[in-house]
Amino acid sequence: MVVIVACGERAGEVVETITELPRLPDPRTGGTLMERTVLICNTSSMPVAARESSLYLGVTIAEYYRHMGLNALVIADSTSRWAQALREISGLLEEIPGDEAFPAYLDSAVRALYERAGIVRRQDGTEGSVTMIGTVSPAGGNFDEPVTQATLATVKTFLGLSAERAYRRFYPAVDPLLSWSRTTEQLERWRREQMGPDWIAAVAVMLDLLRQGHDIEQMMHVTGEEGVSLDDFVAHLKARLVDAVFLQQNAYDPVDVSTALERQKDALLLLRDVVAPRYAVSGKAEAQTLFDRFTHLLLNLNYSHAGSEEHQRRRSELMALVEEAQGRLPA
């Protein structure tokens, strides 16, 4: 089950959600997303007391389904407006204010909310769970404000959305260098059993490549392409390739809209085989052309059904291009 709490959202966005969810297919059940979704509408025009209670109502409904042995997901958008309601009510009650006039108990309130998520084992041995995803919308993107800091101190996983990536039309606009997780060690055994050591090593390689590409891109903002060496420019192109074909997703494509875990694993290992070799190119223009071809082939591969003739053909074309580009290396 999915519980969506529209906490302080604009009425138009809530209406759009109610209109679109019955039309969107559910990749898990084959029905529509609305069939297993609970939507709590609490628009910004409603009283602040309703805004405060909407989040608690959503978590309580999710707990109800958890006790039935189901896995429930709570999406709270946004906890910042919920905290603003707490601030208004605290001010009306003439409580002693804390940082930026938020109540002094803001940290404990945020912690108590997220701690209601988790797994419950029922008396018959079955399990149910509540997973909570809360969005934080700090004014001006200021991560030092109280709600963001209280949330970061509580949650175990943070997905940082980047306005710069959104402006460049990189969707989803999750910044891999800004995001982090504290559950890596807890998931280490699962990762080794389900994904394998090759996949774990490939993830580390991709992260290092993304960091290197980011540093080179910042340098290019100052010096231009002429100010970086050919090797650095190729590393920048490899990082852009990882970003374009693996970290981004086309929600309007029927194949790319939902990707199974096994296909994600295969896609990452294939991408590793593409970025690992050293390609001999005569200049930056040739390198740009080569990686444009890589991007085109990998994106088309993402849009083809796994195991289909089209998927196999595009994969063969990709590996042929890799071998051809490697063959340009001098003996």
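Strand 3 (residues 71-77) has two faces: a covered one formed by Ala72, Val74 and Ala76, and an uncovered one formed by Asn71, Leu73, Ile75 and Asp77. In a regular strand the side chains alternate between the two faces of the sheet. The model described here is predicted, so local features need pLDDT of at least 70 and side-chain atom pairs count only at pLDDT 80 or more, whereas totals for chains, interfaces and linings use all residues. Residues are numbered from 1 along each chain as its sequence is written, and side-chain values use heavy atoms, with hydrogens and water left out.

Strand 3 belongs to an open sheet of 5 strands in the order 2-1-3-5-4, with mixed pairing. Strands are DSSP runs of E with at least two residues, helices are runs of H or I with at least four, and both are numbered from the N terminus. Two strands pair if DSSP finds at least two bridges between them. Strand 1 and strand 3 pair in the parallel sense over 5 bridges, and Ala6 stands opposite Asp77 in strand 3. Strand 3 and strand 5 also run parallel, joined by 7 bridges; here Asn71 stands opposite Ser129 in strand 5. Strand 4 and strand 5 (residues 127-135), by contrast, pair in the antiparallel sense over 4 bridges, and Ile119 stands opposite Ser129 in strand 5.

At the edges of the sheet stand strand 2 (37-43) and strand 4 (118-121), each with a single partner strand, so one side of each is left without a neighbour in the sheet. Helix 1 (residues 11-20) lies across strand 1 (2-9) and strand 2, and runs at about 165° to strand 2. Such angles run from 0 to 180 degrees between N-to-C directions, and axes are lines fitted to C-alpha atoms, for helices over the stretch in contact. Contact means heavy atoms within 4.5 Å.

Elsewhere, the axes of helix 9 (residues 230-247) and helix 11 (residues 284-302) come within 10 Å and cross at roughly 15°. Helix 9 and helix 11 are therefore roughly parallel to each other, a description applied to angles under 35 degrees. Their contact involves residues including Phe233, Leu237 and Leu241 of helix 9 and Phe291, Phe294 and Leu298 of helix 11.

As a whole, the protein has 12 helices and 7 strands. Its C-alpha atoms fill a box of roughly 80 × 50 × 40 Å, taken along the principal axes.

Technical notes: Angles under 35 degrees count as roughly parallel, over 145 as roughly antiparallel, 65 to 115 as roughly perpendicular and the rest as oblique. Buried means under 20% relative accessible area, exposed over 50%, partly exposed in between (1.4 Å probe, protein chains only).
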